[in-house]
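User: Can you walk me through how two of the chains meet here, and then the cysteines?

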Amino acid sequence: MSPALAIARREGGELLCSPRGLAWLLAAAGVLSGFALLLVGSTELGLLDNAQVVYDMAGLTIALGALLALVSGVDAVAGERERGALLPLLATASPRRSIVLGRLGGQALAWSAMLAISAPYLWAVGSTGQNLGAALLGLLLFGTPVALAAGAAAMALGARLRSARAALLASLIALLLVASPLLLGPSLRQSAIGQGFDAVNPFSGATNALDAMVIDGQGLAAQGWHLALVLAWWGLAYAAALRALRPPRRPGEEIVA
Amino acid sequence: MKASVPLAVLALLATLGPAVPRLAWAAPSAAPPASAPLKVGLAPDPANPAAPRMGDRMSFHTTLRNPASAPVGGVMAWLTILRVDAGHEEAIDLEDWSANKALTIPAMAPGGEARSDWTLRLISPGTYRVLVSAATRAAPVPAVGASETFAVAPKPVVESRRVLPVALGLPLALGGLLALRLTMAKGDDDA
Amino acid sequence: MMQDRIPAAAAFAPDAVARTGPAATKDPRPPSSAGPGKQAAGTGILPPLLLAIEGLRVRRAARPVLRDVRLHVARGEVCGLLGPNGAGKTTTILAALGLLVPETGRVRLFGEDPLTAPDALRARLGLVPEGDGLTEWMTAGDYLQHWALLQGRPLGPEEAAALLDEVGLAPPPRLPAARFSQGMRRRLAVARALVASPELLILDEPTNGLDPRGRRQLLELLRGLARRRGVGVLLCTHLLEDVARICDTIAVLVEGRTVAEGALGELVGRAGSQRFRLRLDGPLPAEALARGSPLPMRVVHQAADEIAVELEPGATPATVWRTLLFSGWPICEARAEGGGLEAFYLALTEPGPVHPPQPAEAASQAANDAGPVS
């Protein structure tokens with residue numbers, strides 16, 4: 001087994017075996033349950049049609065998945081450094097690329113768990129399942145790059161900032177900003193700045209694609225730009241994480257302290 | 001054709017929104033505005049559900065033809081959905097129903113033809129008719145193609161008997177797993 | 001001691017010269033500081049260097065932390081890295097691992113620059129950092145197997161259990177590491193460092209949190225690894241007793257400078273000598289100080305109620321006191337004199353104006369200042 005796979009397996013194991021990982025999944029399920037129960041209990045939300053409800057649930061899943069990956073990304077570098085676990089890891093024979101890939105693999109497993117949890121909710125609120133396939137496909141194609149980009153960016157931030165708390169705070173603020181299209185939606189596109197933000201924001205890319213596929217019934221082929229956008233962000237975030245974790249090249253560069 | 005004129009006016013008012021005053025009053029004139037010299041054909045997709053219900057999708061195919069001997073420029077075509085249930089007559093806001101709301105064609109040659117597809121998502125129950133209107137820059141009174149009426153059967157949007165087991169069961173299952181994990185860890189510790 | 005160490009090292013790594021390259025054949029250490037601990041008696045052959053640091057200068061967060069560090073660890077040798085808090089010991093370790101870029105100076109790990117060496121080079125070293133950094137939810141056996149994969153040398157469950165046994169964690173606990181005691185955590189951290197059978201072990205305060213038995217066991221393990229398998233050990237610690245017990249060489253860092261480096265015995269004085277003051281509650285027997293005593297000691301000072309003795313290298317104080325008591329010596333207290341490594345270290349690290357000396361000069365000056373052993 002390669003070091004990257006070994007690290008990914010350990011990360012995934014932590015999510016599914018450690019109380020901390022299970023608590024995270026429980027919290028995510030709690031949020032999805034809360035929204036589902038609101039749909040049942042609220043007269044106003046009950047008026048939303050199925051596609052809209054499935055779209056909202058899918059957007060919530062992406063936000064939770066990105067949050068999970070973000071926390072995992074901060075913990076993978078800044079948290080490990082504070083626990084003294086980063087130094088022995090960097091002193092192993094594992095290449096840095098394997099370490100980054102392994103961590104991202106762990107985040108991909110976390111996202112897979114998130115997808116697995118969200119599927120029953122999508123089915124439940126989607127009534128006769130008219131939109132379930134499109135939602136799951138959208139989540140897989142557009143949610144995965146967004147969640148992994150959040151995780152990789154958090155790793156890069158964790159490597160740059162000196163404390164895990166500062167890295168977590170900065171990452172959460174960035175996530176709130178980037179995920180704002182989930183709440184603002186169409187009103188964001190009423191100004192030039194909003195349109196520009198919407199055009200380059202990976203969350204917008206994913207939610208607009210979900211909107212088109214789930215609500216407007218458009219085919220996947222029409223979502224090329226959105227797919228390119230989220231994949232580009234994923235690539236950028238991965239490169240940033242790799243760069244932040246590369247061996248030092250100049251005096252003063254370090255990530256272990 | 002007689003029946004389609006009031007429908008066309010209603011469709012124009014319902015769907016153009018802010019464009020209506022501009023069309024109506026942009027060039028005040030004593031002469032009545034010209035009718036668009038276009039033929040509009042509208043046909044449902046054969047694959048549409050026979051008994052549609054909320055959440056289903058339906059497609060309609062439109063054919064726009066310029067039967068005149070002169071070319072026409074600035075062709076606009078737009079979709080209108082009308083609810084025709086007695087006592088509930090209304091023009092439907094297309095926001096949730098369709099992503100395809102209108103199209104423009106810069107010019108159509110004499111005898112020229114253009115096709116387009118319109119996809120609807122059936123949001124509410126009721127009886128509906130779909131219209132596609134077409135006008136030109138010079139002739140703002142549209143030619144209209146209308147579909148047959150169709151009924152959309154109601155369907156519960158969010159069913160509590162589906163939601164509750166998932167919304168309560170999944171957290172309970174994960175909580176149980178967490179408790180089991182903690183109990184096992186404590187058992188190991190005691191051992 | 002060295003005569004049996006060189007063959008052991010050669011048996012452990014017959015390709016040592018080829019693998020360590022120039023560092024194996026060109027030792028930059030001056031003969032005076034290399035001392036007997038560095039050279040095979042009568043052969044003139046120096047054991048290959050696993051780690052060589054020369055004139056290292058490192059700046060961290062715009063502050064110079066290391067100003068002039070030199071450090072050498074040879075195969076089969078235990079080197080103690082000493083210095084007050086903030087002297088730069090951990091920074092030296094980071095630079096040795098290639099995790100910091102020096103402003104000036106040279107670092108060679110197994111003869112290669114750790115900044116540009118291939119990743120696989122690091123499989124040849126084991127690190128026990130000051131913090132354990134364990135994966136809290138994993139059991140010890142699983143954790144070692146996981147770590148072995150990272151080092152590119154997979155380990156079976158039996159091998160993992162044997163390694164845990166070697167560090168005193170037998171039978172392997174089924175608990176996750178989060179529930180380990182501090183001592184168990186340190187042992188697991190040491191086992192982790194040994195997982196790829198390293199040629200060089202770098203340990204930062206490895207005996208922290210260990211009980212006396214565990215501490216002795218670990219030190220014996222380190223000494224055994226050096227003696228039997230030819231592993232080079234860099235032991236960074238504040239416990240001078242540990243250093244005195246197992247180290248062959250030491251390097252002392254003060255404010256980012258190596259102020260002494262060389263064989264422990266040479267630096268401290270006559271290796272292994274121990275001076276004690278014995279308080280007496282009566283006169284000594286008449287023949288007590290007769291010449292030709294078979295006891296491994298000599299009297300260096302005598303007063304009415306006290307006598308100072310120096311034990312020969314290798315002598316066990318308790319055995320000598322027992323023999324003396326049986327011979328009628330009225331000993332009521334035996335007290336070790338402040339000398340040896342502790343005095344040497346304190347003299348070197350005493351706060352005061354910094355006069356950066358040349359390492360060899362500093363070593364000999366400090367040895368002279370240490371007084372009691374001169």
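Analyst: Contact here means heavy atoms within 4.5 Å. This is a predicted model, where local features need pLDDT of at least 70, side-chain atom pairs count only at pLDDT 80 or more, and totals for chains, interfaces and linings use all residues. Side-chain values use heavy atoms, with hydrogens and water left out.

User: How many residues does the contact take from chain B and from chain A?
Analyst: Both chains chip in to this contact. It takes 28 residues from chain B and 35 residues from chain A.

User: What area is buried between chain B and chain A?
Analyst: Buried area is the accessible area (1.4 Å probe) that two parts lose on being put together, summed over both. Carbon and sulfur atoms give 64% of it, and the total is about 2700 Å².

User: Which residues of chain B lose the most area to chain A?
Analyst: Three residues together make up 22% of what that side buries. They are Val157(B), Arg162(B) and Leu174(B).

User: How many salt bridges are there between chain B and chain A?
Analyst: You'd look for a side-chain nitrogen of Lys or Arg within 4 Å of a carboxyl oxygen of Asp or Glu. Between chain B and chain A, the count is zero.

User: Is Cys236(C) buried or exposed?
Analyst: Buried means under 20% relative accessible area, exposed over 50%, and partly exposed in between (1.4 Å probe, protein chains only). Cys236(C) has 1% relative accessibility, so the label is buried.

User: And what about Cys332(C), with its relative accessible area of 38%?
Analyst: That 38% sets the label for Cys332(C). So Cys332(C) is partly exposed.

Key
Residues are numbered from 1 along each chain as its sequence is written. Chains are lettered from A and ligands numbered from 1 in the order in which they are written.
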